[in-house]
Structures are given as structure tokens and as C-alpha cells.
Amino acid sequence: MSSGITRRDFMNGIAIAVVGASGIDLSSAEIAADPGYPPSRSGLRGSHVGSFEAAHRLRDGSPFDLSAAVIEERYDLVVVGGGISGLAAAYYYRQRRPGARILILDTNDDFGGHAKRNEFEVDGKLLIGYGGTQSIDSPHSKWSPVARDLLKQLGIDVKKFNTAFDQDFYARWGLNHAVFFKKEVFGVDRLVRRPFGTWQDFDENPPDAASLRAYFEQFPVSAAARAQLFELCWSDRDVLAGRTPAQRQEILEHISYSDFLKRYWNADPDVLKFLQTRTHDLWAIGIDALPPSELLNMPGLKAQRAVLGGEKDEPYIYHFPDGNASIARMLVRRLIPGIAAGSGMEDIVLARFDYSQLDGQGQAVRIRLNSTAVEARNVDGDVEIAYVTGGKAARVAARHCVLACYQAMIPYIAPETQPEQRAALHANVRAPLVYVNVVVRNWQPWHRLGVAYIDNPGGTYAAYLDFPVSLDGYRFSADPSQPICIHLYHTPTAANQGLDMRQQYRAGRARLYTMKFDDFEREIRDELARMVGPAGFDFDRDVTAITVNRWPHGYAYSPTPLYDDPKQQALIARHARRKLGRIAIANSDSGWDAYTHVAIDQAHRAVGELLA
């Protein structure tokens with residue numbers, strides 16, 4: 001590599017500048033980075049260095065010496081975890097008790113949890129990207145009245161996204177979906193653009209058979225595989241003909257999608273390779289570990305979908321430039337008046353937060369970053385919470401506590417959990433994932449190729465242009481000559497080894513923790529060069545910054561009937577979120593689904609339990 005991207009690794013919240021793999025600094029984005037403003041930090045983010053070591057020490061059986069930690073502060077509520085669920089819990093508690101004093105502890109150097117904001121400046125232009133929680137998904141059909149009401153209280157009117165999200169943008173520029181076939185898996189590097197549908201369509205659902213057949217003819221797979229892919233996508237053949245709906249459901253729930261294709265369609269190996277990662281974006285796992293009952297829009301299931309029905313999708317347009325970090329920021333702005341200007345959903349995008357006010361003396365609500373809770377126990381009608389920060393232990397007391405952290409850590413933090421509850425908490429194995437923002441000076445190569453989204457079934461990263469959203473004074477990249485964020489995502493798995501979902505998540509997480517920024521940069525450089533290099537992309541010339549948001553504990557575990565008995569799973573969920581005296585449990589883990597509205601619902605429930 002002839003040059004590299006300057007990045008910052010963070011040790012206990014202290015930024016240490018590190019040059020790229022080649023030692024040459026090309027990043028104009030770094031020049032504007034403010035060490036006191038976490039969203040502007042690039043390099044290895046997400047679960048950054050300094051954010052997880054204390055928790056891992058507890059997990060590994062090395063408790064902290066808390067004998068000298070005396071109670072220094074008293075609050076009405078202490079929240080462990082400053083993600084959306086923890087922030088919402090503080091908000092709901094203050095609604096019920098307006099005079100309450102609240103402390104929020106978070107192990108990261110920024111609030112929001114997975115709702116992570118990444119900022120960059122390129123040639124004087126501000127670019128905002130999301131490093132985690134992406135969008136308000138299906139607010140009309142999936143969000144509860146409680147969660148929708150919170151959006152309303154914060155000033156978020158989802159109807160405004162109908163115009164803020166330029167729904168014709170990619171069509172106007174002739175951009176669509178494409179697949180990159182990587183040589184190591186498919187024998188040749190080849191980018192195949194899909195000539196029908198829109199860039200957001202993942203299903204091969206063309207207007208005519210000829211278009212679909214011509215598309216598949218470009219695939220570097222066997223002739224048999226091309227013919228079979230056409231049949232899977234076009235044919236109405238019912239491979240479960242003669243079964244009742246209940247019998248179909250039973251079959252589809254207790255077989256993996258890959259085994260279903262093998263058994264009922266005699267799927268060609270190239271077909272399975274092409275489809276293996278199709279489910280990674282939503283489930284962070286491949287088709288070898290998911291049942292067809294959860295994937296009725298996938299190829300080969302058209303007849304089953306016709307019998308069993310399927311969910312009607314809402315448009316995927318409810319997106320702030322920084323993803324749902326804007327929701328977290330709006331909650332903080334309500335909890336700590338004066339920390340940022342403005343009051344609505346438009347002005348939150350460019351609102352500059354004064355991080356020095358997060359933990360201000362005398363405030364009703366304080367947010368203490370870089371602080372890892374290591375103990376929470378009921379003592380004499382209160383809750384005592386110990387935490388470590390800067391290598392030192394401290395202790396606070398509160399009338400109530402909400403644990404809005406990862407469920408898997410609660411048995412190590414709360415010694416009052418009993419074996420049944422501990423087992424239930426450990427059953428929620430989060431999915432590892434990586435969200436990357438690659439900032440480029442222009443997107444002309446993408447325009448030349450006519451693509452906005454590149455799937456990569458044989459490689460590491462899928463890549464796509466940022467969503468075309470403009471709010472208030474923030475404007476999306478208007479034409480190919482302007483800088484833009486390229487988003488990449490990767491979900492590490494251990495596919496086709498006979499492992500279930502939890503086992504694959506654990507294997508992927510272990511691998512992520514071993515990776516350094518150089519490892520990520522090397523693969524990003526290689527794959528982007530091969531995907532869009534033939535259209536004139538030059539990594540050294542075009543890339544100005546990379547932010548890798550590494551989430552070894554990403555999506556909350558979502559049970560499926562392939563591995564989880566529904567009745568037993570309902571019991572596990574109830575056991576896991578059982579209140580411990582004055583300690584309640586929130587976070588999306590408690591709802592066993594990885595969505596923002598679930599995190600909000602669980603915060604509302606937890607506060608209701610405490611104040612009942």
C-alpha cells in the first residue's frame with residue numbers, strides 16, 4: 001500500500017494519533033477533528049479501545065477491589081447504559097418525577113450506545129454518517145403507541161421524511177443495485193449491475209422473464225446455477241404442494257433456508273454461495289442459520305408466500321443523516337437543557353453539543369462517560385452502584401436503578417441474580433457487526449458504473465452510497481463531483497460449519513476483538529479497489545478518512561423457531577428481565593429484538609415497574 005489513512009485509536013478516552021499503514025497522512029478529515037467532541041473522532045470507533053476492558057475483566061473472574069470506594073453521590077435514579085434505552089428510561093423517570101436527580105453511566109466515550117454519530121469535514125463541507133442504529137424502521141406498523149408517542153414528544157414527525165429523503169435521487173442519476181463476484185470464491189472479479197427494479201430492491205423481481213434471464217447470464221457461475229436462479233426467482237412452482245398451511249409452517253420453521261434449497265430445490269452449490277450472505281444486513285447471519293419462515297421474500301419461496309402471506313413493507317426512508325443518533329441527541333437535549341441549541345427534528349442535525357455540560361455539577365441529569373458499572377446491589381432500601389473510570393473505583397447510591405446495558409453483563413454486575421435468571425440473561429448472545437464510513441472526495445466512479453449499492457456475497461464488505469437525506473441546513477451530496485460517505489457493513493460469521501446462531505455470533509465476536517484498524521483498512525482498500533477501481537476509483541487519491549465502527553456486541557439476539565422453542569423463549573425473556581428489588585432491566589435485549597422502538601418500549605416498562 002502506497003499510503004494510508006490517518007486515524008485515532010482511543011485508550012481510556014485519550015486520543016492518540018496514529019498514522020496509516022504506510023505512515024503517510026492524507027486525511028483532511030482529521031484536521032478538523034476535535035478531541036473534546038467524540039463524533040469527529042475517526043479510526044476505530046464503536047466498541048473502542050478503553051470501553052470494554054473493565055467488563056471483560058469481570059467476565060474473566062477478576063473483580064475490582066471496591067473496599068475503598070465510599071458513596072460520594074446520591075441520586076433518585078442511576079441508569080447503567082447511555083444508549084437510547086437508557087436515555088429513554090431517564091426521560092420517562094423525569095416525566096413521572098420531574099424533580100428527580102439522575103445519573104447515567106456509560107462505558108463509552110460518547111452517549112447513544114449503538115446510535116453512533118460520525119462527523120467529517122472534507123474541503124470545507126461537513127459530512128455526517130451513522131456508525132450504528134440506522135433508521136426508524138416501519139414506524140406506522142412496527143412501532144408501539146408508546147414508542148411513537150416518544151417521537152412525537154421529541155418533535156419528530158416522520159411525515160417530514162417524505163420530502164427530506166429524496167426518493168427519486170438514485171433513479172434520477174441512473175443508479176441501481178449491483179453484485180460483486182469476488183475471484184477467490186467465484187473464480188473472477190466481476191461487477192454485475194441489475195438493470196431493473198430500484199437500488200433498494202433486494203429481490204430479483206423484474207417486469208419480464210427476458211430481463212431476469214439476461215441479468216443472470218452475466219453471473220460467473222455454472223450454467224445450471226444460472227438456470228436454477230432464474231427458476232427460483234421467476235417460477236411459481238410449489239415444492240410443498242399438498243401440504244396444509246400448518247404443515248408448511250412446520251417445515252419452514254425447522255429447517256435452515258440453505259437446507260430447504262438443497263432438499264426441495266436440489267440447489268446448485270453456486271446458488272448457495274450467491275445467496276449465503278443475502279440475510280446478513282438484517283440478521284447478521286447467513287442462510288445456513290435461518291429458517292425460511294423468517295425469509296419468505298427470498299428466492300424459491302414465492303409459492304409459500306402466496307399461501308402463508310407476508311409482511312407489507314413500509315418505505316425505508318425514515319432516516320436522519322446520523323441514523324438514530326439524532327433520537328439519542330434529542331433525548332439528551334431534553335434531559336440537559338442548554339447543552340445544544342434548538343428544539344426540533346430539523347435543527348438537531350447540525351446542533352453542536354457542548355460535551356463539557358454532560359456531567360455538570362448541580363445538574364438534575366448528569367451523563368458520565370468512560371465509566372463502566374461493575375456492581376449494582378440493593379442495600380437498606382437503596383441501590384448502591386460501583387463503577388470504574390480512569391482506573392479508579394467509585395460508588396454512588398440511588399433510590400432506583402435501571403440496567404440498560406448488555407444483558408450478558410448483568411450477572412457479573414448484579415450479584416443478586418439467581419441461576420435461572422443468569423442463564424436467561426446469558427442466552428441473549430448479541431450479533432457482531434461492523435459499520436464503516438469511508439469518506440471520498442466524489443462518487444463519480446459509482447455514477448459511471450450506474451450503481452448505488454454493491455452486494456458482495458463472496459467477500460467481506462457490502463458497500464453503498466449514503467442515503468439522500470437533507471434536513472435544515474444539512475444537504476446531501478447533490479451530484480457526483482461532491483464528497484460523500486460510502487457505507488460498508490460486515491457481519492463476521494462461521495458459516496456452514498454446523499454451528500447455530502449463537503455459536504456463530506460468539507465466533508464472529510472473538511474474531512472482531514482480535515482485529516486492529518490496519519486489518520480493517522487493508523480489506524476495505526482491497527475490496528473497494530476491485531469493486532469500483534475499473535471505473536476510475538483511486539483509493540489514495542479519493543479517500544480522505546475511514547471510521548470503523550466495530551460492534552462485537554451488535555444486534556440483540558432475535559429468536560427463531562429453528563433454534564428457539566417459542567414457549568420456552570417466552571419464559572426465558574420473562575426470567576431475564578425480572579426486576580431485582582429496586583433494580584429494573586431495560587435495553588432492546590429485554591425485548592429480544594434489535595430495533596430502536598423495542599429499546600424505547602423496554603425503557604418505558606422498566607420505569608413503570610420501578611414506580612408502580
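## Exercises: a helix pair and two loop residues

In this predicted model, E420, Q421, A424 and L425 of α17 meet I572, H575 and A576 of α22.

**Exercise 1.** Sort the residues in the contact of α17 with α22 by class.

*Solution.* Start with the participants: α17 brings E420, Q421, A424 and L425, while α22 brings I572, H575 and A576. Sorting them gives four nonpolar residues, two polar ones and one charged one.

**Exercise 2.** Describe how the axes of α17 and α22 are arranged.

*Solution.* Two quantities are needed here, since a packed helix pair is described by the angle between the axes and the distance between them. Take the distance: the axes of α17 (residues 419–426) and α22 (residues 566–576) come within 8 Å. Then take the angle, which is roughly 110°. Angles of 65 to 115 degrees count as roughly perpendicular, so α17 is roughly perpendicular to α22. To finish, add the handedness: this crossing is left-handed.

**Exercise 3.** Find where D123 and its positive phi sit, and decide whether D123 is buried or exposed.

*Solution.* Begin with the backbone rule: most residues other than glycine have a negative phi. D123 is not a glycine, yet its phi is positive, about 50°. Next, locate it: D123 belongs to the loop between β6 (117–122) and β7 (125–130). Lastly, the relative accessible area of D123 is 61%; exposed means over 50%, so D123 is exposed.

**Exercise 4.** Now try the matching analysis for N496.

*Solution.* N496, also not a glycine, has a positive phi of about 55°. Its loop runs between β17 (484–490) and α19 (501–514). With 54% relative accessibility, N496 counts as exposed.

Technical notes. Residues are numbered from 1 along each chain as its sequence is written. This is a predicted model: local features need pLDDT of at least 70, side-chain atom pairs count only at pLDDT 80 or more; totals for chains, interfaces and linings use all residues. Side-chain values use heavy atoms; hydrogens and water are left out. Axes are lines fitted to C-alpha atoms, for helices over the stretch in contact, and angles run from 0 to 180 degrees between N-to-C directions. Helices (H or I, at least four residues) and strands (E, at least two) are DSSP runs, numbered from the N terminus. Angles under 35 degrees count as roughly parallel, over 145 as roughly antiparallel, 65 to 115 as roughly perpendicular and the rest as oblique. A crossing is left-handed if the near helix is turned anticlockwise from the far one by less than a right angle, and right-handed if clockwise. Contact means heavy atoms within 4.5 Å. Ala, Val, Leu, Ile, Met, Phe, Trp, Tyr, Cys and Pro count as nonpolar, Asp, Glu, Lys and Arg as charged, and the others, Gly among them, as polar. Buried means under 20% relative accessible area, exposed over 50%, partly exposed in between (1.4 Å probe, protein chains only).
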